Each structure stands twice: as C-alpha cells, then as structure tokens.
Amino acid sequence: MEYSRKEIGNGIGVSTIYMDKFKSNLITLSFIRPLLGEEASLNALVPAVLKRGTKNYSTYMDIQKKLEDLYGATLNLDVNKKGEKHIIRFSIEGPEGEYTGEANYLDKLFNLLLEVIYDPYIKDGVFLEEYVGQEKENLIRRIEGRINDKKQFAYERAIEEMCKGEKFSIYRFGDIESVKNIDNLSLYKHYNKILDTSPIEITIIGKTLDIDFEKALKDKIDMNRREILNIPRENISNKKQSGKSVIFEKMDISQGKLILGYRINIPYEDKLFDAFIVASEILGGGPNSKLFLNVREKESLAYYIHSQVLKYKSIMVVSSGIEKENYEKTKEIVKNQIDQMIRGDFTEEDIKDAKNSITTSIKALEDNNYSVADYYLSNAVSKENKSFVDYVNSINGVSREDIISSCQELRLDTIYFLTNEEEVK
Amino acid sequence: MEINSIKSEKLNEVIFDVELSNGLKVFYMPKRNYVKKYAIYSTNYGSIDNTFVPIGEEKELIVPEGIAHFLEHKLFEEPDVSIFDEFAKLGSYVNAFTSNNQTAYLFSCVAEFEKNLELLVEFVQNPYFTQENVEKEKGIIEQEIRMYNDSPDWKVYSNCLSAMYVNHPVKIDIAGTVESTRSISKELLYKCYNTFYNPGNMVLFMIGDIDFEKALTIIEKGQKNVRKLDNGITRIKVKEPEEINKSIIEEKLSVSIPLFNIGFKDIDVGYDGEKLIGKEICTSVLLEVLYGSSSAFFQELYKEGLINQNFGFQYLGYKDYGYAVLVGESKAPKEVHKRILQVAVNVSKKGISEDDFKRTKRKLIGYHITDLNSIDNIATAHINYYYKNSHIFNYLEVLEGITINDLEKRSRDFLNEKNCCLSIVNPK
C-alpha cells in the first residue's frame, strides 16, 4: 500500500492509495459539514435529489443505464456522522479495466461521479420540483422507518437522550418537521452553499490511479473557493446537558434492548485514549470479553452483549438484548465488570488478547477498499496523520497502568431500556 | 494424494483442491497480497436436514426444529478450554453460521495461520455435550430467537417461505422456536453430529497467503475419522407439491410502513451442477432486466411512491428447491404484487429488448469481478458452488452463454401468479 495526500486547491484534499490487490477502482468525494439541526435534513436531501438526474442523464433510469454500461459500476450516495461532523459522501466503484477490456475506464467513472455532483438536472434555475417532492417523502419514510430495526433504534435513541442539547444528538437524516419545510428553492440554495463552503476530501484506491483531478475539477469549480468552513472539534463535556439519566421507552417488542452510555472523559488526542480502546475491548470487545463471559456464558441472560467506543465524542456504549425481568441483574453485572476494570482486576493475558484482537482488526482493514478509504477520510476530517502501522504501534504500546488510568474518569451517564412495559419491576 | 487445480485466465486466479483418503475435500485459493488469511470448515448439514436415518441405526428419525443451529452453538464447548479464548490468544476472529443447507465454522487471522487451522480442525471434530451445558445454552438460544422475532425484515421473509412451501423444511426457521429447542438433548445432538459431521460430508476452504503443503499436513494429522464413509447419509426427503401453501400471509408488528416479500416458488427442481448454476444465473439476469434499478418497472413504481431505495430481489436455487423473493417497503404492497405479475405477463407478449439484455450482462460481469475483492465472499460463494456440484470459476462462462430465449422461456415458466406468494408485515 502506498498512500499520499495533497491539497489541489483551497479546501480540496486528494488522498491517493495504491493497492494492486483489488479488482476494482474506487473513488470517493466527500463534503464535510458541521452537524447542525438547521441543516441536517438539507444535507441528507441533497444527495437523494442529485441521484435522480443530471444534465445529460435526466432520469434515475438513465443514470442507472449508464452505470450498467460501465460494467455494473455502483454509485453510492450517503450522509453519515463522524462525531459532530456531517459527511456527505459520493462514491463510485467499478471493475478494473484489465478484466473487462474497457478503455479509459477510470476517467469514465470519475466523470460520471462529477456529473452527478456538479451538473444536476435543473429546471427554471432550480432542482426539479417533482424530484424534490418525492425525495422529501422518501426521506420522511426513512426517518419514520427508524423503528423497524429495534437494535439500531434503541442505540440511536440512547445517544439522543444521552447527548440531549449537544449537536451529537442530531439524527443523520435530521427530523421530519425540517424535511417538510424544505422546498426546491431552499434546497438548491443549500446545495450551492455545500459546494461553495465545504471542505472537500477525495480518495482514490486501486491499481490504476491516473486521474488528473486538478484538471477534471477545474472545469466544475473554482479551485480557490474563499469561504471554506472551519468546523470546530467536538465538545466532550462530562456533564449531562439536560434530560433524564434513566429512560424507559415502550414498544411492542419481544426482547428488551438495554443500552448503557458512559462518558470516557479523555479526548481522542490524549495518549491515554488508545489505552481506553484496549480497556473497552477487555470489557466487551469479543466472545472472550468480560461482559460476554459473565452475561452470556455464565448467566445465559443474553445472546449479544458488547461495548463500543465512539471516538470523537469520547463515549462508550454497552448494548444488549435481554428479558425485562433481567434488567436489574444485567445492569449489576455490567457495573461489577466495569468496577473490575477500574480496580485493575484483569490479567496480562486479557491485555495481550485485547491488543491482539484490536491490531488484527486494524491490519485487516487493508483488505477492504471501502474501509481503507474511510480510514483516511477520518484522518483527514480529524486532521490526524496516523497510518495503520502508527495505530497498531500505539495500541501495542499501551501498559497495564495506562489501561487502569484510562478507566478512572469513566462515568455512567444514561441508561436506556426499550421494552414492552413502561415500568420495570 | 493428488493436488488438482482449476484456473481462471479471465480472473487471473487459481483454486487448488485435494480429496483426503477419508473423503474430506480441501480447497485453497492463493491471495498473495491480502493481509487476512481465512479458513472455513463446513458440513453439508443445515436446518432442512431434519429427517434422516442416524448413522448405525435403521429407523428414520425426525429431530426438533433448530437442532443444526443448536449444535453449531454447542460445538464451541470443550471440556477444559474455551475455544473463544484459544482463538483470542492468537488475535483471530472466529465465528460460525447455520443456514438451510450447511453449518460452517470459520476464522480469519493475520498471523499464525497454522495454529489457528489446527484449532479449527480440532474443535469441529471434538463434540463435548453434557446435560448441563446443553441446558445452559437454551437460555442463550431463546434470546437469539427473540432477537429475530424483533426483526420485521426476518419475519416477513420467514413468513413468505412458509406461504410458499407446504411440507418442505425450508419453511422452518433455522433457529427453531423457543419450544422446539427446549426438547433438544445431548443424545439427539450426538446423533446429528455423528451422522452429518463426517469427513465425506464436509469441505474445508482456505484463502489468503498460505503455505498449502503445511496446511494440508495439519489437516491430515488432525483427522479423527480416518475411514471413508461406506454409504452416503440417508436423508429423508418430504414430498413437496408443486402448488404453493397459500397466496397471501399477513402479520402485524411495530413497523412504520408495511414491509413485503413477494416469493416465486420454483417447480423446475431436482438437478444440480451446470444445469442448476445455469438456471440460477439465467433467473438473476431475468430479474435484473425486469425489476432492476434501470427497469421501466422500477422507474414507474418509484415515481408513484410505491417502492423506494429498499426494493431488491434475489433468486436462490438448490437441488431440491428454489425460489425468488422480491422485497421492499410500500404503502400498497398488494399493488406492487399486481404490478410485478403484470411485468411478467408483458414479457411473454412483447419479449425482452436486446439492449436491456446486453447491459444487464455487462453489469453482472462487473459485479462478479468486484465481488472477488472480498476473501470472505469468495469463501462462502465457493462452498455454495461446491455443494451445488459446480465451481465459482464457471460463473462468467455460464453467464456468457445465456440467451434472450432462455430468459423469455424462464419468465414464462417461473414468474406465474399460481406459484407466487405475498407476505406482508403491517404496522400495528
């Protein structure tokens, strides 16, 4: 793997990653936005409308036909949160030309991606009202559809409650009211704002990388955009801003979903943060973790239980699916296991296994082109410059003392339980 | 021991294969630049194999629903050590899954492949079931089943299968039910294990940058069953009528919008090999042309707000059963159902356009090439092809050979109202 990054204009970074093992080319272009209530829904709606039609391919069907012609190239448009940043990502992937015999394939891919982003289908100076209306409906349905996946819903609701009053509580698609208030004019204005003011990150991965990005982009945008947003780092306040610390939510479900949210109180820039990554792995990383052994293997209370770290917000989340009558018992076991972490009640073997598991996952990212692209995008967004090797070394350098120290400021912030009864006895 | 190989010039890949003296099939695909090394050890035994003659016995036995999956859970149990711990010590990822047709155990690692392999070969051949550990597992499995019950996507699919099939055990949930799993005992688990976890019924596939000779030595040394099974396994097949069980099935769950699965039951079954693969690929091309993202069907229904981005479809074909499902969310699933059938009727009148056909072929060629980026995908896909008596490298050639006539014929034979079921999950 050979990685390099350069700036080709004001606020435009290009990461080039040479990897000859993949049979496809992948190009991504992301706009970085602040995560804000007033624009989250707009950010989500823009790519949805852009995929409906371009200047040369005025319908969704035409774009799809073009993609099929390009040997089943896939165009993905999505919006995601990275901490309190809202990332609008456009990506295109298709099979390497040497397998299909298609000439100038990479240019064809990139030109189509640029066309979708920069040459939308415009009528009377704005987006087509029909497309906007339909995509508004679809977006509302998607927001309503959050309840369909109970595990994910419980997790997201817990974060919302825990971070009430913080930007991080904003849902990646915004909210239904905001979507309803959008019209094709306001959306078009926001689209232009995205183009004019967002930091842009491009990544390209594959065996063939010969695209002149500067030349291709010059035709589409001003390379010296003036007003590039400066998006602040997340606040990782340890105080609950507002709201309750224990929430029971009722839904007609078969199994209760318990989410415990903790504040780690160490910023990711701190040396101790990687020690906490190891701590969380020992606690609830995999099938040999403390939570898995005690909640599942010993007590048969759950099929799944795990902990995960939300890096940019310094939050740890423990998730599990349990019967409602086991609520107190499960909570107690989790608390005891965390107390053990704080006291340093874990073995050298635990540390070694946890490090081994984390570093294996980091190394294995290299086998997936999307993961590599996302890793370097995260680096660019948080202005870090950490290679896979750096990250592995940092994890391996963590000591027992570091792990114990990293757990000292850990505080339970919010308990969220999605269950079919309002009160739990 | 003879090492064979099959090459794909087009894909610039090779797969080696060996059959051990006890009948175990071993495959290896080199992937030199990959960091991960991956092995999967699978037995041709899934949830549908619920009626059989246990090895060494004469009478047929019907086992509780969900037992293959239960067995998968329990195989991780060893008398002295925890298998999870052993793999964790090596920093590896270990997992297993049970499907309708197979149970598979796998690991991926970035170091010490040989130690991992030794462990995998050892634990899969070392059942340790006690009354106590079987009882303990019931609580965990019950929570797993309840988790699936909270998944409307899974429910709508599982209901669709039960509407399509009258007798065939594919209609049974892989994990069984809370009640059925309660009747599982250690004796029954051993019967299933001894019958189906036979080397002649199993396959081991490895992929990554691996020393194949060394790996083979480890696998051979680790074989506990050295003798080849004399006769095959007697699996009792139920008689499945051509007709569907029922044409519509509905359930209410907490969802925001109705979810639907529209299933077509395949009655052209009973064969495997190239013929089966050919049918499978032909059906996939057909579904793409008729209902894919560039189809007139998709364009119209999307515009009318009848389907959204979550619409999709798949055809699954096995030797003794096969079906297509078209899935999505809609405010009017019955209308979607009607329109899907209409499309099929129109094809028999107007045929399929050359242009759509060619484009779709190109698309599937591209998808196949891109799928080969993932060693995990290759491993599971390869085993599927093996059980169907074919080879993953045949895909492109079979695809090339499909004609418009094949598609039109398949549409007439398969996409009919009489073998079509609609499953809906409605909001409460």
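Contact here means heavy atoms within 4.5 Å. The model is predicted, with local features needing pLDDT of at least 70 and side-chain atom pairs counting only at pLDDT 80 or more, while totals for chains, interfaces and linings use all residues. Residues are numbered from 1 along each chain as its sequence is written, chains are lettered from A in the order in which they are written, and side-chain values use heavy atoms, leaving out hydrogens and water.

Select first the boundary of the two chains, where 56 residues of chain B are in contact with 63 residues of chain A. About 5300 Å² is buried there, 53% of it from carbon and sulfur atoms, buried area being the accessible area (1.4 Å probe) that two parts lose on being put together, summed over both. Colour Gln143(B), Asp150(B) and Arg362(B), which supply 12% of the area that chain B buries against chain A, more than any other three residues.

Next, show Arg359(B) and Glu68(A), a salt bridge whose closest N and O atoms are 2.9 Å apart; the term requires a side-chain nitrogen of Lys or Arg within 4 Å of a carboxyl oxygen of Asp or Glu. Nine salt bridges are counted between chain B and chain A.

Then turn to chain B alone, divided into domain 1 (4–235) and domain 2 (248–427), with bounds from an automatic or database domain assignment. Their C-alpha centres lie 28 Å apart, and the contact takes 42 residues from domain 1 and 41 residues from domain 2. The area buried between these domains is about 3600 Å², with carbon and sulfur atoms giving 72%. Finish at Asp376(B) and Lys36(B), which form a salt bridge with closest N and O atoms 3.1 Å apart.
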